[in-house]
Amino acid sequence: MTRTFLRARRPEHKQQRREAILAAARELAAASGVRNVSLGAVAEAVGLAKSNVVRYFGTREEIYLVLTTEEYRSWAEAVTGRLRTARDVDDVVAALAETIAERPLFCDLLSHSSVSLEHNVSVEAARTYKRGVVTMIDELGTQVARASHLTESEARELVGAAAVTAGLLYPAANPPPVLAEVYAQEPELARHCPQLLPTVHRFLAALAAGLPTLRPPAG
């Protein structure tokens, strides 16, 4: 639904407008995919001219980097909740894989982050995004290490791999309509379309099992 705003003058009004822009961008991406949302569509949805939107976010990509950070935070909170009852590394792997697979918008954003969203942004926006993501991965890595036999370095690698793997697999696991039609017509080809959750889970389980074997010899 298109909204109409008067000129924002007070700080709280500017914050409300910023949040409205993010909410509109989130809603559009959830409905049609990140790649199909333009800055003009976001501006129209929030009832602003594009020139007004860029006062708050320099580019479309900056909007979606902020949303990616928000999704990282939501995922980290969900994983943290699961880790409270984790008994071993298998529970840790399940927590990472299941919580990320149930967040399609996050996976979609991850699939675009390095190939497009990180390109058309200001240095400050890129710095803020990277600092936020690295901090969350570090903090989550510490919790994963406590809940498993992994070192903190290995745990951070596992957390980062969960995000990277989900981002890489999401487009293949959610094929476009033309390819979906091909798969429906040719089951032999459809067998090669990966399923997101089981594939991410297997990859993380293999990585968690293999990382300790790569530790340098003691002494």
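These are legends for a set of close-up views of a predicted model.

**View 1. The whole chain, an all-helix pattern.** The protein chain carries 11 helices and 0 strands, so if you read along the sequence, by the usual helix and strand assignment, you get α-α-α-α-α-α-α-α-α-α-α. Laid along its principal axes, the C-alpha trace spans about 65 × 50 × 30 Å. The chain has 219 residues, and 43% of them count as buried. As for how the chain comes back to itself, take the contacts between residues at least 6 apart in sequence: 69% of these join residues at least 24 apart.

**View 2. Two domains and the ground between them.** The chain splits into domain 1, residues 11–57, and domain 2, residues 60–213. Taken over C-alpha atoms, the centres of the two domains sit 25 Å apart. Domain 1 puts 16 residues into the contact and domain 2 puts in 12. The size of an interface is often quoted as the accessible area lost when the parts come together. For domain 1 and domain 2 that buried area is about 1300 Å², with carbon and sulfur atoms giving 67% of it.

**View 3. Polar links across the interface, and the domain 1 side.** Which kinds of pairing turn up between domain 1 and domain 2? The salt-bridge rule finds 2 across this interface, and the count of residue pairs in polar contact, with both residues at pLDDT 80 or more, is 6. On the side of domain 1 that touches domain 2, helix H1 (11–32) and helix H2 (39–46) each supply at least two residues. H1 gives the largest share of that side, with 7 residues. Sorted by class, the domain 1 side has 11 nonpolar, 2 polar and 3 charged residues.

**View 4. Arginine 26 with its two glutamate partners.** Side chains of opposite charge can pair when their charged atoms come close. Here, arginine 26 and glutamate 71 meet in a salt bridge at 2.5 Å, N to O. Arginine 26 also forms a salt bridge with glutamate 70, where the closest N and O atoms are 3.0 Å apart. That second pair links distant parts of the chain, with arginine 26 in helix H1 and glutamate 70 in helix H4, 44 residues apart. How open is each partner to solvent, buried or exposed? Arginine 26 is partly exposed because its relative accessible area is 25%, and glutamate 70 lands in the partly exposed class too, at 29%. Glutamate 71 has a relative accessible area of 9%, so it counts as buried, the cut-off for that being under 20%.

**View 5. Around glutamate 71.** Where does glutamate 71 sit? Its place is in helix H4, residues 60–83. Which residues does glutamate 71 contact, leaving aside its neighbours within four places in sequence? They are Arg26, Arg103, Leu105, Phe106 and Leu109. Arg26 is its salt-bridge partner from the previous view.

**View 6. Alanine 78, in the same helix entry as the legend above.** Alanine 78 is found in helix H4. Leaving aside neighbours within four places in sequence, alanine 78 is in contact with Thr99 and Arg103. Glycine 58 lies 20 residues away from alanine 78 along the chain, and their C-alpha atoms are separated by 30 Å.

**View 7. Arginine 103 and glutamate 102.** The side chains of arginine 103 and glutamate 102 meet in a salt bridge, 3.3 Å from N to O. Arginine 103 is buried because its relative accessible area is 15%, while glutamate 102, at 54% relative accessibility, counts as exposed. Elsewhere, salt bridges that share partners join Arg26, Glu70 and Glu71 into one network. Arginine 103 also appears among the contacts of glutamate 71 and among those of alanine 78.

**View 8. Aspartate 91 and arginine 87.** Aspartate 91 and arginine 87 meet through their side chains in a salt bridge, at 3.3 Å, N to O. Aspartate 91 is partly exposed, with a relative accessible area of 21%. Arginine 87 is at 72% relative accessibility, so it counts as exposed. By the salt-bridge rule, the count comes to 12.

How values were computed
Residues numbered from 1 in each chain as written. Predicted model: local features only at pLDDT ≥ 70, side-chain atom pairs only at ≥ 80, totals over all residues. Heavy atoms only, no water. Domains from an automatic or database assignment. Contact = heavy atoms within 4.5 Å. Buried area = accessible area lost by both parts, 1.4 Å probe. Salt bridge = Lys/Arg side-chain N within 4 Å of Asp/Glu carboxyl O. Polar contact = N/O pair within 3.5 Å; in protein donor to acceptor, adjacent residues only side chain to side chain. Helix = DSSP H or I, 4+ residues; strand = E, 2+ residues; numbered from the N terminus. Nonpolar A, V, L, I, M, F, W, Y, C, P; charged D, E, K, R; others polar. Buried < 20%, exposed > 50% of the residue type's maximum accessible area, 1.4 Å probe, protein only.
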